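Me: Please take a close look at a single part of this structure, the salt bridges around one helix. Explain the terms as you go.

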Amino acid sequence: FKSITGAGIMASVGNHKVIVSSPKYASGHAAEIGVDLTEIITRLQGQGKTVLVVLVEKKIVGLIALADTLKDNSVEAVTKMKSLGLHVYMLTGDNQRTADAIAGLAGIDHVLAEVLPEDKAREVKKLQVELHHQGLLVAMVGDGINDAPALAAADVGIAMGAGTDIAMESASVVLMNSNLDSIPAAIKLSRATLRIIKQNLFWAFAYNTILIPVAAGVLYPFTGLLLSPIMASAAMAFSSVSVVSNSLRLKKLKW
């Protein structure tokens, strides 16, 4: 038995050499794929199915069509990501026709197809070169061993909770489940958290910039006003309460 990365498998069964692979790989190890088979392959790929060609001693003896069904919330998750202003890409090893069919069902506009596992990180870096000058960052979502290099290369790597250990080690963010809705939820939460942090920093600096000089007596020569220790303590407590209260607004965030 031999695995051909990104193409298929090769094995000896009895005295026969058997190959189960992609049509592209099979075409280089068999007689020309006929018009009838080509039409069948094209039709199946147009249905979003991945087609494997079975060869015995370099003779085509059959086709196998595999299909990944979309998760129930896939379309909704993609819609939510678009509503957040994200550009959604699908990175897959499937052929272009199959990838386009699946992307169409999910509502994904950008498709990078026929990408070998070892090339995923390279595709992520190419996107970074293309998008960084637009002020955009590249996030990669994955769960497999082959996704680990791409997760590490991305500006933000997001690993699904049910993924492999190496994927989770390589990612910046690990979701605690495999629900696609968690992706836009995590992004929305991170944006809201950063916004709250900036608000808290602004008010903390503004608050201290105003009240510290008052507590030091800057107004005393003009108004005779001094801030008593009790009032200063109350003001400091109010500052902390306002920051915590503002942060607690995150609990009301709607997904």
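Reply: What follows describes the salt bridges of helix α3.

The model is predicted, so local features need pLDDT of at least 70 and side-chain atom pairs count only at pLDDT 80 or more, while totals for chains, interfaces and linings use all residues. Residues are numbered from 1 along each chain as its sequence is written, and side-chain values use heavy atoms, with hydrogens and water left out. Here pLDDT is the predictor's confidence in each residue, from 0 to 100; the protein chain averages 86.

A salt bridge is a side-chain nitrogen of Lys or Arg within 4 Å of a carboxyl oxygen of Asp or Glu. The count by this rule is six. Helices (H or I, at least four residues) and strands (E, at least two) are DSSP runs, numbered from the N terminus.

In helix α3 (residues 74-83), Lys 80 and Glu 76 sit four residues apart, about one turn of the helix. Their side chains form a salt bridge at 3.5 Å, N to O. Lys 80 also pairs with Asp 181, with the closest N and O atoms 3.9 Å apart. That pair links distant parts of the chain, since Asp 181 lies in the loop between β10 (173-174) and α8, 101 residues from Lys 80. Glu 76, Lys 80 and Asp 181 are thus linked in a network of salt bridges.

Buried means under 20% relative accessible area, exposed over 50%, and partly exposed in between (1.4 Å probe, protein chains only). Asp 181 is buried because its value is 18%. Lys 80, at 24%, is partly exposed, and Glu 76, at 42%, is partly exposed.
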